[in-house]
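Student: Could we go through this structure together and check the reason behind each label?
Tutor: Yes, let us take the labels one by one and set each value against its cut-off.

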Amino acid sequence: MATNLVNLEAVDKVYGTRALLDGVSLGVNEGDRIGVVGRNGDGKTTLIRILAKLEEADKGRVTHSGGLRLGVLTQHDSLDPAATIRHEVIRDMADHEWAGNAKIRDVLTGLFGGLDLPGFADGLDTVIGPLSGGERRRIALAKLLIAEPDLIVLDEPTNHLDVEGISWLARHLRERRSALVCVTHDRWFLDQVCTRMWDVQRGTVFEYEGGYSDYVFARAERERIAATEEAKRQNLVRKELAWLRRGAPARTSKPRFRIEAANELIADVPPPRDSAELMKFASSRLGRTVFDLENVSVSAGPKELIKHLTWQLGPGDRIGLVGVNGAGKTSLLRALAQAARTEGEEQPAAGRIVVGRTVKLAYLSQEVGELDPALRVLEAVQRVRERVDLGKGREMTAGQLCEKFGFTKEKQWTPVGDLSGGERRRLQILRLLMDEPNVLFLDEPTNDLDIETLTQLEDLLDGWPGSMIVISHDRYFVERTTDRVFALLGDKALRMLPRGLDEYLERRQRVLEAAAAAAPAPVAAADVPVKSAADARAAKKELQKIERRLDRISETEAKLHARIAEQATDFEAVAKLDAELRELAGEREELELRWLELAED
C-alpha cells in the first residue's frame with residue numbers, strides 16, 4: 001500500500017466574499033502524479049500553496065508525513081540575485097562530483113542545452129541578478145529537480161520552456177520516483193505525465209483517474225449524466241473529446257477510458273473543421289495571393305536568421321511554426337506584418353514579399369497591448385465593432401463574443417485596469433477577432449490562458465475562414481488548430497514537417513547528436529595516440545584513487561573546521577590549523593584538475 005504524503009481535510013479558503021475552496025478533502029500518496037486544472041481565478045494556485053503549507057487555510061487541516069522532503073516551484077522564485085547559478089543549483093559540490101552524476105547532467109542538459117550552459121555568458125558562474133524571468137525560472141526548476149524531493153509541487157512549470165524543453169521535462173518526470181502535483185495549462189504535458197487529475201471548480205475539487213484525455217471524457221460523461229452544465233459548454237467538451245478520439249494518435253498512446261463509451265458519446269459530433277468548405281470561403285475572401293516570399297532573407301541586427309527563403313502562404317492555409325529560440329520565428333512574422341502594413345512598399349533587406357490586395361491582417365504579439373484602464377471590457381470590444389461576421393451565416397454581437405471568451409455579463413462591466421494578465425490576453429485576442437481579419441498571426445497565443453479559454457479559442461478558430469500562422473510552445477494547441485507544421489531549425493532555412501512536432505523533435509535530436517560528434521578535439525586527431533585497454537584500465541584506477549583521496553580530504557577538512565571552532569580563542573593553534581586547510585585546498589584543486597583530464601580522455 002502506497003504511503004500517504006499529504007492530507008487535506010475539510011479545507012476552506014475565502015478571499016473577500018468569494019470561497020475559493022469549500023470543504024475540500026484530498027490526499028497525495030507516494031507515486032501519485034496529479035495534474036491540477038480549472039479556470040483562472042478558481043483557486044488552483046491557492047490549492048497547491050495550501051497543500052505545500054506556503055499559505056494557511058481558513059478552516060480545516062493540512063498534514064504532511066514525518067520527514068517529508070518537499071520541493072515547490074512557485075510563480076515567483078526565491079533565488080539570491082547576488083549568487084551565481086553554480087551556487088544556487090550545484091551548491092558546494094566539486095566539479096567531479098556533479099559531472100559524474102547522471103541525473104545532474106540530465107537536468108542541466110535538458111533545461112539549458114548543455115553542461116556548459118551555452119545560453120549564459122559565464123556558464124555556471126553567471127550571476128543571477130541581471131537574468132530574465134524565464135532564465136531565473138529554469139534555474140529554480142533545475143535547483144528543485146537536482147534536490148531529489150519526495151513530493152514535487154509545480155506551478156506552471158512549462159512557462160518559458162520551448163517544445164524540446166517541455167518534451168524533456170515530461171520524460172524526466174515520468175522516470176522519477178517522486179510524487180508530483182502540477183498546475184499547468186499545457187494539455188499535452190498533462191497527458192504525458194499525469195495519472196490523476198484534480199479539476200478545481202467554484203470551491204469544489206473533482207477528482208479523475210488518468211491523464212488529460214481521460215479527464216475530458218470523464219467530465220463530458222459526468223456533465224451528461226448530471227445535466228447541470230449549460231448545453232453549449234457540454235457540447236464544447238464533447239467536441240474536444242471527438243478531436244481527441246479521431247485526431248492525432250499521439251495524444252495518448254494507451255487511452256485508459258472506455259473507447260466504446262467515448263465513441264457512443266461523440267457519435268453525432270461532426271469533425272472540428274470542414275477544411276474544404278473553409279478553404280473555399282477563404283479563397284473567396286482573399287483571392288489567390290496572400291503572402292508570396294521570393295528569395296527573402298531576414299535579420300535581427302547583425303545576425304542573419306533566415307536566408308534566401310522562397311515560400312507561399314495561401315488562402316485558407318493554417319500553419320504551425322516551431323523552432324529553436326532565436327531561430328527567427330517572430331522576426332519572420334514581423335517582416336510579413338511590416339510588408340502588409342505598407343501594402344508591400346517596405347521590403348526586407350534581401351528578397352521580395354508580395355502581399356495580396358485583399359489581405360486584412362491581425363497580429364497577436366507576445367506583448368499585451370495597452371488599453372485605457374478606465375474602459376469597461378464590453379466598451380473596449382465595441383470600440384472595434386458592434387457585431388462580427390464569423391462566416392457561413394454566423395454572426396455574433398460584441399457581448400456574445402465576450403461571453404464565449406469567459407467574460408460573463410457582470411464581468412463585461414469590469415474596468416480594463418482591474419483585469420488579470422490572463423484576462424487582458426483574452427481581451428486582446430477578442431478585439432483582434434472582432435475586427436474581422438482574414439489573416440491571423442498568433443505569436444504565443446496560449447500565454448496566461450486557462451484550459452477552458454483555450455478550448456473556447458480553438459472552437460472559435462475551427463470555423464474561422466482565413467489564413468493563419470501560429471507560433472506556440474503549446475504542442476496541443478498547434479496540433480489542434482493547424483493543418484501543417486513548418487520549422488526553423490537554426491540553419492537559416494524553413495522546412496515543412498509532414499509528421500509535425502514528432503518529426504521536429506526527432507530532427508532536433510539528430511542535430512544535437514551530430515553537433516556533439518563533430519565537436520573539435522583539443523588537438524589534431526593525428527597527434528592523439530590510440531588508447532590501449534591497459535591505458536584505459538590504468539586511467540580508471542587512477543580516477544578511483546583520486547576519488548578516494550578527495551573523500552578523505554573532505555573528511556579531514558571537516559575535522560579541521562571543528563577543531564578551529566573549538567580553539568577559536570587560541571590564535572597560534574588556529575593559524576596552524578588554517579595552514580593545514582590551505583594545504584589541503586591546494587591538493588584538492590590539483591586532484592580535481594587531474595580528475596577532469598582523465599574523465600575527458
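**Reasons behind the labels**

Tutor: In this predicted model, one aromatic cluster is formed by Tyr208, Tyr212, Tyr215 and Tyr476. The search of the whole structure finds 7 aromatic pairs, and one of these joins Phe112 and Phe120, with 5.7 Å from centre to centre and 70 degrees between the planes.

Student: Why is the pair of Phe112 and Phe120 called edge-to-face?

Tutor: Rings pair if their centres lie within 6.5 Å, and planes over 60 degrees apart count as edge-to-face. The centres of Phe112 and Phe120 are 5.7 Å apart and their planes make 70 degrees, so the pair meets both conditions and is called edge-to-face.

Student: What makes Phe112 count as buried or exposed?

Tutor: Buried means under 20% relative accessible area; Phe112 has 6%, so Phe112 is buried. Phe120 also has a relative accessibility of 6%, and therefore counts as buried.

Student: Why is the pair of Tyr208 and Tyr215 called edge-to-face?

Tutor: The ring centres of Tyr208 and Tyr215 are 5.2 Å apart and the planes stand at 75 degrees, so this pair is edge-to-face. Both Tyr208 and Tyr215 are buried.

Student: How do you know that the charged end of Arg426 sits over the ring of Phe407?

Tutor: The distance has to be within 6 Å of the ring centre, and the direction within 35 degrees of the ring normal. The charged end of Arg426 is 5.1 Å from the centre of the Phe407 ring, and it is listed as sitting over that ring.

Student: Why is Cys194 in no disulfide?

Tutor: A disulfide is a covalent bond between the sulfur atoms of two cysteines. Here a pair counts if the sulfur atoms are within 2.5 Å, and the count comes to 0 disulfides. For Cys194 the nearest cysteine sulfur, that of Cys182, is 5.8 Å away, so Cys194 is in no disulfide. Cys194 has 3% relative accessibility and therefore counts as buried, and Cys402, with 0%, is buried as well.

Student: What makes H4 roughly antiparallel to H6?

Tutor: The axes of helix H4 (residues 102-112) and helix H6 (residues 163-175) come within 8 Å and cross at roughly 155 degrees. Angles over 145 degrees count as roughly antiparallel, which means that H4 is roughly antiparallel to H6. The contact is made by residues including Asp106 and Val107 of H4 and Trp168 and Arg171 of H6.

Notes. Residues numbered from 1 in each chain as written. Predicted model: local features only at pLDDT ≥ 70, side-chain atom pairs only at ≥ 80, totals over all residues. Heavy atoms only, no water. Phe/Tyr/Trp six-rings, centres within 6.5 Å; stacked < 30°, edge-to-face > 60°. Buried < 20%, exposed > 50% of the residue type's maximum accessible area, 1.4 Å probe, protein only. Axes fitted to C-alpha atoms, helices over the stretch in contact; angles between N-to-C directions. Helix = DSSP H or I, 4+ residues; strand = E, 2+ residues; numbered from the N terminus. Parallel < 35°, antiparallel > 145°, perpendicular 65-115°, else oblique. Contact = heavy atoms within 4.5 Å.
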